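Grab a coffee and open the model in your viewer. Below are a few exercises, each with a solution worked through in steps.

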Amino acid sequence: MGRDMTLLSATLGQEGLLRKVLLVLGGTLIIALAARTSVPMFPVPMTLQTLAILGVGFAFGSRLGAITLLAYLAEGAAGLPVFSPTTALGAAAFFGPTGGFLIGFVGMAWAAGWAAERGIARGFVGTALAAIVISALLYVPGIAWPMSLASIAGVEAGWAGQGLGFYWTHFMSAFLIGDVVKAVLAALIVTGGWAALSRR
């Protein structure tokens, strides 16, 4: 199999336009359901949203993965209940405390797809490490928005313009264990898919 082959292209071949549209819509539905699924976790419950985003990116590839997330954000901006229950509805979500994470989701899916296309996300270890690194990189836009960009945009809120310690405590530290767990689960799912495909 070529290094540029993703799980989706290996399964379905070169998809037509209609199939791509259906895949994008199906991907947004999976992510929406995952965003609204809460799982008990220490120290805080976690949603499965980023697990689904990693899965879409690894399976769809960089371009279709990013397009799927753009469609997902468009659905949320239109007021559809696709974001996690704690996120505001409609365009207001992008100006809330997690607005940077929402935008970062596009890059997350693209990066997972890029890793898959380069053959990095093929074996379990490579896929898990890629997923952990990509999950960590999501914090860059996630923290940049409330720490500085929100204030520049004129947003006045208690979560905007605080120091790094505030964001470590409220935006990062409680979620890191869950991020690692979801990265490992994504690797298990993707490598399981490749293993199933090889037995066909």
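**Exercise 1: the pocket lining**

How many nonpolar, polar and charged residues are in the lining of the largest pocket?

Keep in mind that this is a predicted model. Start with the space itself: the largest pocket holds about 740 Å³. Next, count its walls, which come to 29 lining residues. Now sort the lining by class: 15 residues are nonpolar, twelve are polar and two are charged.

To find the middle of the pocket, look for Q49, S84, T86, T98 and F175, the lining residues nearest its centre. Then see which elements contribute. Strand 2 (46-47), helix 3, helix 5 (99-117), helix 8 (164-172) and helix 9 (176-198) each bring at least two residues to the lining. Helix 5 gives the most, with four.

**Exercise 2: one residue by the pocket centre**

Work out whether T86 is buried or exposed.

First, place T86: it's in the loop between helix 4 (62-77) and helix 5. Then check its relative accessible area, which is 79%. The cut-off for exposed is over 50%, so T86 counts as exposed. For a bit of context, take the C-alpha of A35: it lies 10.0 Å from that of T86, although 51 residues separate the two in sequence.

**Exercise 3: a helix and its surroundings**

Explain why helix 3 is described as largely enclosed by the rest of the structure.

Begin with its dimensions. Helix 3 covers residues 49-60, twelve in total, and spans 16 Å from first to last C-alpha, close to the 16 Å expected at 1.5 Å a residue. Next, go through burial: Q49, T50, L51, A52, I53, L54, V56, G57, F58, A59 and F60 are buried. That makes eleven of the twelve residues, so the helix is largely enclosed by the rest of the structure.

Finally, step past its end. G61 follows helix 3 and has a positive phi, near 95°.

**Exercise 4: rings in helix 8**

Classify the ring pairs that F171 makes with F166 and Y167.

The structure has eight aromatic pairs in total. Take F166 and F171: their ring centres are 6.3 Å apart and their planes meet at 50°, so this pair is tilted. Then take Y167 and F171, where the centres are 5.2 Å apart and the planes are at 75°, so this pair is edge-to-face. Y167 and F171 both sit in helix 8, four residues apart, or about one turn of the helix.

Now add accessibility. F166 has 26% relative accessibility and counts as partly exposed. F171, at 12%, counts as buried, and Y167 is buried too, with 0%.

**Exercise 5: rings elsewhere**

Which residues do ring pairs link into a cluster, and which charged end sits over the ring of W194?

For the cluster, pick out Y72, F83 and F94, which are linked by ring pairs. For W194, look for R122: its charged end sits over the ring, 4.1 Å from the centre.

**Exercise 6: a peptide bond**

What kind of peptide bond joins F42 and P43?

Read omega, which is about 0°: the bond is cis. For comparison, most peptide bonds are trans. To locate this one, go to the loop between strand 1 (38-39) and strand 2, where P43 is found.

Terms used
Residues numbered from 1 in each chain as written. Predicted model: local features only at pLDDT ≥ 70, side-chain atom pairs only at ≥ 80, totals over all residues. Heavy atoms only, no water. Expected span 1.5 Å × (residues − 1). Buried < 20%, exposed > 50% of the residue type's maximum accessible area, 1.4 Å probe, protein only. 1 Å grid on protein atoms, 1.4 Å probe; cavity = no way out; pocket = protein on both sides within 12 Å on 5 of 7 lines; lining within 4 Å. Points joined across faces, edges and corners; volume = space filled by probe spheres on them. Nonpolar A, V, L, I, M, F, W, Y, C, P; charged D, E, K, R; others polar. Phe/Tyr/Trp six-rings, centres within 6.5 Å; stacked < 30°, edge-to-face > 60°. Lys NZ or Arg CZ within 6 Å of the ring centre and 35° of its normal.
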